[in-house]
Amino acid sequence: MQQQITLRLLPSLAADSTAIKKEIANVTGVACEAVSGYYIQKQSIDARSKQAYINLTLQAFINEPVQDRQGVEFTFQNVHNASKKVIVVGAGPAGLFAALRLIEAGIKPVIIERGKDVRARRRDLAALNKQGEVNPESNYCFGEGGAGTYSDGKLYTRSSKRGSIDRILQLFVRFGAEEKILYQSHPHIGTNKLPHIITAMREFIIDCGGEIHFETKLTNFIVERDVLKGIEINHVEKLYADAVILATGHSARDIFELLHENKIAIEAKPFALGVRIEHPQSLIDSIQYRCSVRSEFLPPASYSLVEQVQGKGVFSFCMCPGGIIAPAATSPGELVVNGWSPSKRNNAFANSGMVVTIEVKDAVEYIKKQSRKLSGPKTKIQIDENDPLLLMKFQQAIEQKAFVAGGGKFVAPAQRMADMFDRKTSSSLPDCSYLPGLNSVDLRQVLPPFVFDDLRLGFKAFGQKMRGYFTNEAVVVATESRTSSPVRIPRDNETLQHTQIKGLYPCGEGAGYAGGIVSAAMDGERVAAMIAAVSDASKSA
């Protein structure tokens, strides 16, 4: 007999397979020996009461052999000599999963990636962290695996509209991720393990007949009569294909500028701007689990916060328990921070982005006020509210201010939380995971006034929701500005092609249609499936 069973267990019992079998026996009314085994379908933590519990949904097997979890069937093909070829620009989650889906359809993917492979990329990250030197083509955002590879590896999304979340998770498991990501409520791989999985994907794509070219940069589009025929790479070579998937990520500003120069339609898209805030992990554990010391059977605690402040939403983003704050700039003279966690989440600090949504009207109002301060009686700064790159330029300007305030070498401007609320520069800063270091600054020098004020009021409100959260033990580090793309590349809802250029398929975070590893991967699959459907239709026509 098979039976689906839901259990609510103390963490120590939920970690003990023998204890779980006893609970199954109690629930079903059979002898413990009759319980052959089980597998977990869903797992979550309930920490709302004084004692934390683990909720488990199990598939139990009683008096019959245990069966394996039913997986997704993948039918990859040999595409060495495929008649159809698609260029995939970008080897992030959108590009890699698009390539895998193309191979399933018998289409040859040719991936070009401006950055380096995951192994070579590590040296550039070390130089950024230790010497304050950024490689504009190989950093936390650019390179094999995209921004997600070295930015934590969270695998959850709020929406399943783009495709099958389970299918994406099953593919990660196929290439080396632990099976637990299939049932955890907030699955996470960890930055230390993701590179091995990404490498396995790359090797498989090549074995199937696909191509991957690193340090290869898109430098122009080959368009004939509003049809994309191919691309130029590294200002020299031309590549032609049946279609081009543009999956360049949220930080490829040169691609947005190239599209605009070629009069290929793009549009400004709201994004979120703010800071990354770091607490001692032990403090977050004590708040969330209501205990002085976290049980060894509980993971480091996380949180998710949102508050309406003065008509705008202030919300946490990419919360990293046991994590590290990292420099995520893609150009010299700009300061961006992000967060990541290793698989064990065993670092001493918890960090999270804390951001405010920025719309065109916000940027215009801010620029006008700044121009009035800077301009003389005969000087007037022009503002084009219809400039599709307006929010990108605004984002860039704030990052440049942060770099200057930090003092160079990617040292970040920072302030203690309560000091920020009181609008005073911190006399000292606490220990922090950010390796390039911190400089004590009044963050009003960096952030737009409305962002600064919304954040400080948001912190106070969050302290009422999480007693102990609002504290000078926490440090606020600027700026968290690459939460999403400030530009959208419009595409037709039905064909998924660019609204103006046929054969061009904007995809993933950089195009404005995803917001994380899983959603980007699903969008990549969706675009690839559409290309395959068009190919099949042309064959049968």
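Two strands count as paired when DSSP finds at least two bridges between them. With that in hand, the sheets of this predicted model can be read strand by strand. One open sheet has 3 strands in the order S7-S8-S9, with antiparallel pairing. Strand S7 (218-224) and strand S9 (237-240) sit at the edges, and each has a single partner strand, so one side of each is left without a neighbour in the sheet. On average, neighbouring strands here are turned by 30 degrees against each other, direction ignored. Zooming in a bit, S7 and strand S8 (residues 227-233) run antiparallel and are joined by 6 bridges. Glutamate 224, for instance, has valine 227 of S8 as its bridge partner.

What holds such strands side by side? Strands of a sheet pair through backbone hydrogen bonds, either parallel or antiparallel.

Another open sheet of 3 strands turns up with the order S1-S3-S2, and its pairing is antiparallel. Its edge strands are S1 (2-9) and S2, each of which pairs on one side only. From one strand to the next, the twist averages 20 degrees. Helix H2 (residues 17-28) packs on this sheet and touches S1, S2 and S3. The direction of H2 makes about 115 degrees with that of S1.

How do S2 and S3 pair, and over how many bridges? Strand S2 (residues 35-46) and strand S3 (residues 53-62) pair in the antiparallel sense, over 10 bridges. A hairpin of 6 residues takes the chain from S2 to S3. Two of the matched positions are easy to look up in the structure: tyrosine 38 has alanine 60 of S3 as its bridge partner, while serine 44 is partnered by asparagine 55 of S3. There is also a charge to spot around here, since the charged end of arginine 8 sits over the ring of tyrosine 53, 4.0 Å from the ring centre.

Next come the aromatic rings. A pair of aromatic rings is described by the distance of the centres and the angle of the planes. A search of the whole structure finds 11 aromatic pairs. In one of them, phenylalanine 76 and phenylalanine 204 have ring centres 4.9 Å apart and planes at 75 degrees, so the pair is edge-to-face. This pair links distant parts of the chain: phenylalanine 76 is in the loop between S3 and strand S4 (85-89), phenylalanine 204 is in helix H6 (residues 194-207), and the two are 128 residues apart. Phenylalanine 76 and phenylalanine 204 are both buried.

The rings of tyrosine 366 and phenylalanine 394 make a further edge-to-face pair, because their planes stand at 90 degrees, with the centres 5.5 Å apart. Tyrosine 366 lies in helix H9 (residues 360-374) and phenylalanine 394 in helix H10 (residues 390-406), so this pair ties together parts that are 28 residues apart in sequence. Tyrosine 366 and phenylalanine 394 are buried as well.

Rings can also join up into groups: ring pairs link Phe74, Phe76, Phe175 and Phe204 into a cluster. One member of that cluster, phenylalanine 175, has arginine 174 lying over its face, at 5.5 Å from the ring centre. Helix H5 spans residues 165-174, and its buried residues are Arg167, Ile168, Leu169, Gln170, Leu171 and Phe172. H5 is followed by glycine 176, which has a positive phi, near 120 degrees.

Two single residues are worth a look too. Is leucine 125 buried or exposed? Leucine 125 is placed in helix H4 (residues 118-130). Its relative accessible area is 6%, and anything under 20% counts as buried, so leucine 125 is buried. Leaving aside neighbours within four places in sequence, leucine 125 is in contact with Asn139, Tyr140 and Tyr150. Leucine 125 and alanine 328 are 203 residues apart in sequence, yet 9.3 Å apart in space, C-alpha to C-alpha.

Threonine 248 is found in the loop between strand S10 (243-246) and helix H7 (253-261). Threonine 248 has a relative accessibility of 15% and therefore counts as buried. Not counting residues up to four places away in sequence, threonine 248 touches Val89 and Ile255.

Finally, there is a stretch that carries a label. An unreviewed UniProt entry places the feature "domain: FAD-binding" at residues 85-117. In the model, the end C-alpha atoms of residues 85-117 lie 22 Å apart, and the span is 36% helix and 33% strand.

Technical notes. Residues are numbered from 1 along each chain as its sequence is written. This is a predicted model: local features need pLDDT of at least 70, side-chain atom pairs count only at pLDDT 80 or more; totals for chains, interfaces and linings use all residues. Side-chain values use heavy atoms; hydrogens and water are left out. UniProt positions are given in the numbering used here, feature names are shortened, and annotations may be inferred rather than shown by experiment. Helices (H or I, at least four residues) and strands (E, at least two) are DSSP runs, numbered from the N terminus. Axes are lines fitted to C-alpha atoms, for helices over the stretch in contact, and angles run from 0 to 180 degrees between N-to-C directions. Contact means heavy atoms within 4.5 Å. Buried means under 20% relative accessible area, exposed over 50%, partly exposed in between (1.4 Å probe, protein chains only). Rings of Phe, Tyr and Trp (its six-membered ring) pair if their centres lie within 6.5 Å; planes under 30 degrees apart count as stacked, over 60 as edge-to-face and the rest as tilted. A charge sits over a ring if NZ of Lys or CZ of Arg is within 6 Å of the ring centre and within 35 degrees of the ring normal.
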